Amino acid sequence: MTKSRTTGKIVKITALLMAALMLTALLSACGNSLSGKYTNEMLGLSLEFKSGGKVTLTYPKLSLTGKTGTSEGTYEISKDKTTITMTFGDEEAKSYGGESSLEIGKDYIKVDSLTFTKDKK
């Protein structure tokens with residue numbers, strides 16, 4: 001084998017390994033995250049998922065004013081995508097946090113027994 005043929009094979013193998021590594025990183029990064037806003041119209045709740053494991057909860061205030069509250073928090077999805085853990089620092093929103101069962105559909109998510117539809121925006 002000549003030196004140029006050996007170098008060519010090394011370059012090809014290196015390129016294939018790099019492509020495999022990039023594909024693995026891309027698939028694992030996309031696998032356990034959500035993005036966009038999901039709403040449960042009946043209860044007036046919405047969850048907006050952002051990059052970096054951030055989530056914004058919009059919820060009805062426990063008063064007769066009809067106003068809503070918002071709380072920033074974090075979320076983490078289990079590797080098998082069957083549970084989600086959300087944490088909110090706001091005292092009024094803490095009850096919405098904790099570990100819950102998760103179902104991810106094409107245009108919805110189901111957290112415990114609550115279904116949230118993905119906003120079309």
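Helices and strands here are DSSP runs, numbered from the N terminus. With that in hand, welcome to this predicted model.

**Stop 1: the whole chain**

Show everything as a cartoon. The protein has 1 helix and 8 strands, and from the N terminus on the order is α-β-β-β-β-β-β-β-β. Of its 121 residues, 26% are buried. Among contacts with a separation of 6 or more, 30% are between residues 24 or more positions apart.

**Stop 2: the barrel**

Now colour the strands one by one. What do they build? The 8 strands make a closed barrel in the order 1-2-3-4-5-6-7-8, with antiparallel pairing. On average, neighbouring strands of this sheet are turned by 30 degrees against each other, direction ignored. Strands of a sheet pair through backbone hydrogen bonds, either parallel or antiparallel.

**Stop 3: strands 2, 3 and 4**

Select residues 45-50, which are strand 2; antiparallel to strand 3, this strand is joined to it by 5 bridges. To see one spot of this pairing, show Ser46, which stands opposite Thr58 in strand 3.

Next, add strand 4. Strand 3 and strand 4 run antiparallel and are joined by 7 bridges. Pro60 is a good residue to pick here, with Thr68 in strand 4 as its bridge partner.

**Stop 4: Tyr59**

Stay in strand 3 (residues 54-60) and select Tyr59. Is Tyr59 buried or exposed? Its relative accessibility is 2%, so Tyr59 counts as buried, the cut-off for buried being under 20%.

Now show what surrounds this residue. Beyond its neighbours within four places in sequence, Tyr59 is in contact with several residues, including Gly44, Leu45, Ser71, Asp90, Glu92 and Tyr96. Pick the C-alpha atoms of Tyr59 and Tyr96: these two residues are 37 residues apart along the chain, and the atoms are separated by 9.2 Å.

**Stop 5: Ser71 and the two faces of strand 4**

From Tyr59, step across to Ser71, one of its contacts. Ser71 has its place in strand 4. Why does Ser71 count as buried? Because its relative accessibility is 3%, and buried means under 20%. Leaving aside neighbours within four places in sequence, Ser71 has contacts that include Val55, Thr56, Leu57, Phe88 and Ala93.

Widen the selection to strand 4 as a whole and show side chains. Its covered face holds Gly69, Ser71, Gly73, Tyr75 and Ile77. The uncovered face holds Thr68, Thr70, Glu72, Thr74 and Glu76. In a regular strand the side chains alternate between the two faces of the sheet.

**Stop 6: the nonpolar core**

Pick Tyr75 from that covered face. Setting aside its neighbours within four places in sequence, Tyr75 is in contact with residues that include Ser33, Leu34, Phe49, Val55, Ile84 and Met86.

Tyr75 also leads to the largest nonpolar core, which has 18 residues. Which residues have the most contacts inside this core? Select Leu34, Leu47, Phe49, Tyr75, Ile84 and Ile109. Strand 2, strand 3, strand 4 (68-77), strand 5 (83-88) and strand 7 (108-111) each supply at least two residues of the core.

**Stop 7: on to strands 5, 6 and 7**

Strand 4 and strand 5 form a hairpin with 5 residues between them. Look in the turn for Lys81, which has a positive phi of about 60 degrees. The two strands run antiparallel, joined by 5 bridges, and Ile77 has Ile84 in strand 5 as its bridge partner.

Moving along, 4 bridges link strand 5 with strand 6 (residues 98-104), again antiparallel. Select Thr85 to find Glu99 of strand 6 standing opposite.

How many residues lie in the hairpin between strand 6 and strand 7? This hairpin joins them through 3 residues. Strand 6 and strand 7 pair in the antiparallel sense over 3 bridges, and the bridge partner of Leu102 in strand 7 is Val111.

**Stop 8: the largest pocket**

Keep Val111 selected, as it is one of the residues lining the largest pocket. Add Leu45, Leu47, Leu57, Met86, Tyr96 and Phe116, which are also among the lining residues. The space in this pocket is about 150 Å³. Strand 2 and strand 8 (114-118) each supply at least two residues of its lining.

Technical notes:
Residues are numbered from 1 along each chain as its sequence is written. This is a predicted model: local features need pLDDT of at least 70, side-chain atom pairs count only at pLDDT 80 or more; totals for chains, interfaces and linings use all residues. Side-chain values use heavy atoms; hydrogens and water are left out. Buried means under 20% relative accessible area, exposed over 50%, partly exposed in between (1.4 Å probe, protein chains only). Contact means heavy atoms within 4.5 Å. Two strands pair if DSSP finds at least two bridges between them. Axes are lines fitted to C-alpha atoms, for helices over the stretch in contact, and angles run from 0 to 180 degrees between N-to-C directions. A nonpolar core is a set of buried Ala, Val, Leu, Ile, Met, Phe, Trp, Tyr and Cys residues joined through side-chain atoms within 4.5 Å. On a 1 Å grid over the protein atoms alone, a cavity is a set of points where a 1.4 Å probe fits but cannot get out, and a pocket is an open set with protein on both sides within 12 Å along at least five of seven lines; lining residues have an atom within 4 Å of a point. Grid points are joined across faces, edges and corners, and a volume is the space filled by probe spheres set on the points.
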